[in-house]
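Subject: Structure for you to look at

Dear colleague,

I am passing on the structure we spoke about, and below it you will find my notes on what turned up in it. Please read them with the structure open beside you.

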Amino acid sequence: MEFRLRVNGDEVTVDVLEDTPLLWVLRDALDLVGTKYGCGLGLCGACTVHLDGEPTRSCSVPVSAVGERAVTTIEGLHPEGDHPVQRAWIDEDVPQCGYCQPGQVMSAAALLAGSGPADDAEIDEAMSGNLCRCGTYVRIRRAIRRAAGEAR
Amino acid sequence: MTSAGGSLRRRDFLRISAGAAGGLLVTVSLPACFGRDDDDPLDTPAVAHRMDGYLEIDTRGNATIRIPVPEIGQGVRTSLAMLVAEELDVPWERVRVTQSDAVDEMGPHPIAGGSWSVRAYWLPFRQTGAAARAVLIGAAAARWDAPPSELGTRGGRVTHADGRTLDYGELAAEAAAATASVDPETVALKDPADFRLIGTEVAHLDTPDIVRGATRFGADVRLPGMLRAVIARCPVYAGRVVDWDDSACREVPGFHSTVRLEAFGGEPDRPYTVAGIGVLATSTWAAMKAREALRVTWDEGPNVGESSAELIRRCRAMMDTRLESFREEGRVDDALAAAARRVEAEYSAPLLAHSPMEPMNCTVAPTAEGIEIWAPTQVPQAARRVASQVSGLDADQIRLHVMRSGGGFGRRLAVGYVIEAVQLALASERPVQLVYTREDEIRYDHFRPLNVHRLMAGLDERGGIAGWLHRQAGTSRYAFREGVPLALSEFRAGTWPAALAASHRLEYGLVESNLPRGPLRAPGLNTFTWAVESFLDEVAAEGGRDPLELRLELLGADRELPYNDDDAFSTGRMAAVLRRAAEGAAWGSPLPEGRGRGIAATFTFGTYLAHVVEASVDRSAGSIRVHRVVSAIDCGRVVNPNGVRHQLEGGAIDGLSAALYGELTVEGGRVVQSNFHDFPLLRSSEAPEVDARWIESDRDPTGVGEPPYPPMAPAVANAVFAASGVRLRELPLLSETNRARLRGDEA
């Protein structure tokens, strides 16, 4: 079945099963492989993208439910990869293996797109859906505080 | 090409040739520092093997260093490059890295494991950089008609005393044509006092690509005509296919075919890879859907009786029999009988799944020559060897590209997923990308073994340890190997702390099980340390001693003791990390009500490490909160402080996650858990701050990837005891039983 989507500013058409999770549309139909599969049940956050700027677990959204909403993936977060969150991630040298990081960055970017986190508790609440098996949480928190500080 | 094994003639040690883009390619062959790797899944016999450094300098003076060790997040692409770049004397901005394919020139064992990469390559990679520098100096000397001894280098340029300089890029082409006689084994290395890079904070080279989503992992490989595959396997381990019906699969658009896979390796009742039905489709989602539509009739096989509850029961039953004495010094039974006081405790650790964030995957394409493989693996040469075995192809017909791993933790020391992918590609004669779902990943892992420890100590009047008896029964991961003492698998019976007691005995008993087991971060030590570091605290409490002070007294005067066959244990270095962590945590100073500190230490792969954990217990909720970890490490000379800090932070959090939640259970031969709702990992809201410290040292570097992991569980349990008076002896600490203990529900 054909679906028209807006992905990273581009209009695309894909021909997929209608229950295909957005994650697999991105990875297999569009070869946007920056968004990762971790669990398929929305429990780990590796698949996080933005739908109209809202952080969303793309493994849990069927393509038929996306509609007109703008899809932003890690590849489209910033044209030169220079989003404040990405800069902060580089300044704090956050990643180890890196597999969870696109999802972490997308969740953090959505958090900071609003008025930003008031305190660590808000950071924790926003980021606790993103697992990191390598344990880079300490640096993720520091990077978010750095990016939030820059934004002020 | 030089051949593996045998002796190498001196003139083969350095090869100079033209690089791909007209610059200089230097390859250096050097004797390796290590013998056979402990966790080679195929038990390759030790050979006199080489490690080869590869360094290419292009005409713009950029240096590309080929990294033989897989990157699993331990930062090896950066740390090994630093070793070459330092001696080459090239600015860091001009350094690039590429990942080596699995090729003969890598030597047989460049594995990501054993915390060994920096330790093993410390000398050979520095020699590689220094040899290339000498070749470039030689080229400049020829051009200037000056003696090489009057030339130097700085920042990627050869320098003459009279002020003339030449960039490496300008010299690269003519250096390639030179017939320099540089011996990399004797070339002069920098005095560490002159290091400009080693010992400085260096960000990981791949970070910018990672945060842009540009870094490719195994399942990101895309090939024309590539099929995706998942495998249906019997829910009972090693069950066999009786029949299958894929008629409903054909209703799924994109479905391609099913392929029957035979079990491979191991024994019929405990194969290395299990039998199954591969489901192939043109998209990953279609493959997953088709697998759900597949009907398979299984013969559940011989393992329906396997269960973790049964294994624990058998471990305990074995404890009541006579175990094999693995090591004994002094007369322990007499010491225990005569002791003023005795302390006795039983500890247990469950099976554990590795569950890295990136599930297993492997892409295989048939080619004109043979096959091409893309695999995230910790053991490239073993992966290539097993692909050769499965396919019948020679190794040189197999190209294996080593992909970055989304976490290793020992999971990717196993190569079953490579076997399966090769089977599927050869059967379908198409490129195939095999992926594991999270459920597959948790259920078809090679688990960290389960074991039970019983310790007994006899104390003298001062609370010192007169006798130490450590008995362990468990499911050794060496049970399928010949000629290796089983005790060595999960019973790192080195020196600390047993041999520091006046007398000691270590005993081991194997509990038979067909369930697949494998190495997990700090194998053996990850449960051994749980038992001994918790028990040391119990001994301290019984004897009225401070846990830190008891450990320091046990270590005694600064001296070296033999450790296994090939290493030494320094009591002074162990004492130093204990003191450093304690100092950082203000050990002994008052804490608010309900908070406690726990200390634990380890000697892992030549590195000393201590954690002090500060935790509080919510008695009514039966929960534990870790507020802070202070870690002190002695890993010899620190190559990249940023990398060491990463591993102290990450290892502490990984260790904490396993300590609080880590448990894999089996019932009726089936794994109970399936995804992160019932196999939880620590979340960011639970992650403590980690204060990372290290001992300044000019000893050769030892590893940092594994040491931070084992002492976390006992440090947390010791902190819980300090905070609440409740002693927890079974992992995971937040099991239902332990929560009840914390709430005071149980006696």
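Since salt bridges come up several times below, I begin with the term: a salt bridge here is a side-chain nitrogen of Lys or Arg within 4 Å of a carboxyl oxygen of Asp or Glu. Please also keep in mind that this is a predicted model, and that the values below were computed from it.

By that rule the structure holds 68 salt bridges over all chains. One of them joins the side chains of B:Arg462 and B:Glu553, with 2.7 Å from N to O, and it counts as a salt bridge because that distance is within 4 Å. This pair ties together distant parts of the chain, for B:Arg462 sits in the loop between strand 22 and strand 23 of chain B, while B:Glu553 belongs to helix 13 (residues 547–555) of chain B, 91 residues apart.

The two strands on either side of that loop are themselves partners: strand 22 (residues 451–459) and strand 23 (residues 465–474) of chain B run antiparallel and are joined by nine bridges. Within strand 23 of chain B, B:Gly467 is the residue that stands opposite B:Gly458. Both strands belong to an open sheet of five strands in chain B, with the order 16-24-23-22-17 and mixed pairing. Its edges are formed by strand 16 (324–329) and strand 17 (341–349) of chain B, each of which pairs on one side only, and neighbouring strands of this sheet are turned by 10 degrees against each other on average, direction ignored. Helix 12 (residues 525–542) of chain B packs on this sheet, where it touches strand 17, strand 22 and strand 23 of chain B, and its direction makes about 150 degrees with that of strand 17 of chain B.

Chain B also has an open sheet of three strands, ordered 6-7-8, with antiparallel pairing. Here strand 6 (151–154) and strand 8 (165–167) of chain B are the edge strands, and the average turn between neighbouring strands, direction ignored, is 25 degrees. Strand 6 and strand 7 (residues 157–160) of chain B pair over four bridges, with B:Arg154 opposite B:Arg157 in strand 7 of chain B. Helix 2 (residues 117–144) of chain B packs on this sheet and touches strand 6, strand 7 and strand 8 of chain B, its direction making about 125 degrees with that of strand 6 of chain B. Helix 3 (residues 168–176) of chain B lies across strand 6, strand 7 and strand 8 of chain B as well, running at about 75 degrees to strand 8 of chain B.

Turning to the interface, 59 residues of chain B are in contact with 48 residues of chain A. The area buried between the two chains is about 4600 Å², of which carbon and sulfur atoms give 56%; in chain B, the residues that lose the most area to chain A are B:Val211, B:Trp285 and B:Met357, together 16% of what that side buries. Nine salt bridges are found across the interface of chain B and chain A, and the side chains of A:Arg133 and B:Asp654 meet in a salt bridge at 2.6 Å, N to O. The count of residue pairs in polar contact between chain B and chain A is 35. On the side of chain B that touches chain A, helix 15 of chain B gives the largest share, eight residues, and the residues of that side divide into 23 nonpolar, 21 polar and 15 charged.

With best wishes

Terms used:
Residues are numbered from 1 along each chain as its sequence is written. Chains are lettered from A and ligands numbered from 1 in the order in which they are written. This is a predicted model: local features need pLDDT of at least 70, side-chain atom pairs count only at pLDDT 80 or more; totals for chains, interfaces and linings use all residues. Side-chain values use heavy atoms; hydrogens and water are left out. Contact means heavy atoms within 4.5 Å. Buried area is the accessible area (1.4 Å probe) that two parts lose on being put together, summed over both. A polar contact is a pair of N or O atoms within 3.5 Å; within protein, one must be able to donate a hydrogen and the other to accept it, and residues adjacent in sequence count only if both atoms are side-chain atoms. Ala, Val, Leu, Ile, Met, Phe, Trp, Tyr, Cys and Pro count as nonpolar, Asp, Glu, Lys and Arg as charged, and the others, Gly among them, as polar. Two strands pair if DSSP finds at least two bridges between them. Axes are lines fitted to C-alpha atoms, for helices over the stretch in contact, and angles run from 0 to 180 degrees between N-to-C directions.
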